[in-house]
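Hello,

Here is the structure I promised to pass on. Please have a look, and my notes follow below.

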Amino acid sequence: MNTTNKMTLIVNLSASHTEESAALKKILTGKLKRLGRGKSYSENAQRGYWPADYFGLNQSELFNGASPEQQDEILRQCSDHLLREAYFIEKSGLTFCAKMVLLAETTEVAQAYSLMGADEATHLQWITPYVPLILRERPGGEFVFFLKQLIEQGDANCLMYLLQVILEGWGLHHYKDLSVSCQQAELRSVLIDIVRDEALHQHTGAVLFQPQTVSHIQNEFIQDSLASFLEMIRVGPQAVVSHVDLVLGGLSKARKIQLIEQISGPEITARKLKLLQRLMAVPGCEKWIEALDARKMFEPYLAYQCV
Ligand SMILES: [Fe+2]
Ligand SMILES: [Fe+2]
């Protein structure tokens, strides 16, 4: 094993990103333009890029009974949440690729991760205009912190499986869903192009990951990480519930349970867990899936358990 595999890394997701340097902005946009990867952006002051049915809210009595202003605010907050998360995922992707370049044991692997890093920098540049500055200042959301920890603690082989095969595969489906329902043409075009790149990133992980070399410690790290991620998914659409709660002001437990049921929380979660199970099912990884299955980790929590 390469000795740099033991490197210590802190992922600085709070690095300033104010775009104050006009000269640097010109370099970034000029470079992407020359590569044929420039994107146009048009402002949408309301920032509700996805409709109510994307979040299942069209089936919610609470949402349908809210005022038009409250509905707009809920959808704006839900859209902001998705875009802020995408921003920090892409930002994390940059650090991940930098780490993998340093850990690469062959020149081709270093080249592959450098090219991948350029994709992540491009995605970040495309997503940034849609995320208000205040939401870019500090990372938020359980998933982003999970990702940060994985990148900091994982070795190359574990990360090829956890981050590329599973999370990039997961991201691929997530971005695809987002692109299908997105209401703004420019953002839809960004999401479609990200999907194309992510498919290759996932494939690269599948080609490079070597399950037969996983050590006892790596085995534990992978199992614990998979379980943590599944727990995050099993609890259902927490973000949507918290935005409705925030805008409509202090929902009772019974109302939250009703909301989760009406937006089909457990059914959608069950589909997501099935997808994850499929993504995890790489030859040589069966034992992890069996162990998680035995702990019923692929089953969603019932609505009352999610609040
Ligand atoms: Fe990306
Ligand atoms: Fe990626």
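**The iron site and Glu-198**

The iron ion (ligand 2) is held by the protein donors Glu-120 (OE), Glu-168 (OE), Glu-198 (OE) and His-201 (ND1), at 2.1 to 2.3 Å; donors are N, O and S atoms within 2.8 Å of the metal (3.2 Å for Na, K and Ca), and water is not among the atoms, so sites may look incomplete. This is a predicted model, where local features need pLDDT of at least 70 and side-chain atom pairs pLDDT 80 or more, while totals for chains, interfaces and linings use all residues. Residues are numbered from 1 along each chain as its sequence is written, chains are lettered from A and ligands numbered from 1 in the order written, and side-chain values use heavy atoms, without hydrogens and water.

Along the chain, the donors of this ion follow the spacing E-x47-E-x29-E-x2-H. Glu-120 also bridges to the iron ion (ligand 1), with the two ions 3.6 Å apart.

Two of the donors, Glu-198 and His-201, sit three residues apart in helix H8 (residues 185-208), about one turn of the helix; helices are DSSP runs (H or I, at least four residues), numbered from the N terminus. Both Glu-198 and His-201 are buried, meaning under 20% relative accessible area (1.4 Å probe, protein chains only).

The side chain of Glu-198 makes a polar contact with that of His-123 (3.2 Å); a polar contact is a pair of N or O atoms within 3.5 Å, and within protein one must be able to donate a hydrogen and the other to accept it, with residues adjacent in sequence counting only if both atoms are side-chain atoms.

Best wishes

Notes
Buried means under 20% relative accessible area, exposed over 50%, partly exposed in between (1.4 Å probe, protein chains only).
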